[in-house]
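Trainee: Could you take me closely through one part of this model, going slowly over the backbone and the pairing of its strands?

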Amino acid sequence: MATTLMTLVRRNVGPGLAAGALAGILVACGGGNGNGGGSTTSAPEQSGKPETTQVDVKLVDFKMELSERTVQAGTHTFVVKNDGHHDHAMEIEGSGTEQKTRTLAPGESSHLTVSLKDGKYEVYCPVDGHKDLGMKTELTVGGTASTGSDTHTSNGHGY
Ligand SMILES: [Cu+2]
């Protein structure tokens with residue numbers, strides 16, 4: 001009874017599945033797109049005033065109305081309209097400047113372009129006695145004297 005018992009037990013039970021890949025927990029929640037600290041430069045394009053500004057002047061019996069009481073130094077065009085029932089005109093005087101429109105009949109209008117420096121100007125009607133009747137007002141010229149390309153911040157206190 002020779003029995004060859006070759007018991008070949010190949011127990012190849014290797015712990016093959018040891019690779020418990022931990023790679024599963026990779027939170028793909030990458031911290032979002034850079035929430036850039038509000039440096040949003042939305043330049044409020046202030047249409048800077050051109051060098052020549054317009055001031056409307058209304059002449060009535062007997063008052064003088066300016067659309068602006070304060071302007072910056074520079075060249076200004078006064079658009080003068082006689083809305084009264086008498087002849088009127090506009091004269092501006094101050095800081096060595098003295099200019100006036102021609103006398104305007106009721107309904108007429110005229111332009112007067114004046115270069116103004118800092119200072120106070122008297123604006124009045126030079127027609128007989130109208131000034132004393134109330135046709136006078138004041139115009140203040142102040143602020144930045146630079147008429148150049150001064151387009152920085154909006155509060156340039158140039159002196
Ligand atoms: Cu007048």
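Mentor: What follows is a close look at one loop and the sheet around it.

This is a predicted model, in which local features need pLDDT of at least 70 and side-chain atom pairs count only at pLDDT 80 or more, while totals for chains, interfaces and linings use all residues. Residues are numbered from 1 along each chain as its sequence is written.

Serine 95 lies in the loop between strand 5 (91-94) and strand 6 (97-100), where strands, like helices, are DSSP runs numbered from the N terminus (strands are E, at least two residues; helices are H or I, at least four). Although serine 95 is not a glycine, its phi is positive, at about 50°; most residues other than glycine have a negative phi. Serine 95 is partly exposed, because 14 other C-beta atoms lie within 10 Å, the scale being buried at 20 or more such atoms within 10 Å, exposed at 12 or fewer, and partly exposed in between, with C-beta atoms placed from the backbone.

As for the two strands that flank this loop, strand 5 and strand 6 pair in the antiparallel sense over four bridges, pairing being assigned if DSSP finds at least two bridges between two strands. Within this pair, glutamate 93 stands opposite glutamate 98 in strand 6. Both strands belong to an open sheet of five strands, with mixed pairing and the order 3-9-8-5-6. Its edge strands are strand 3 (70-71) and strand 6, each of which pairs on one side only.
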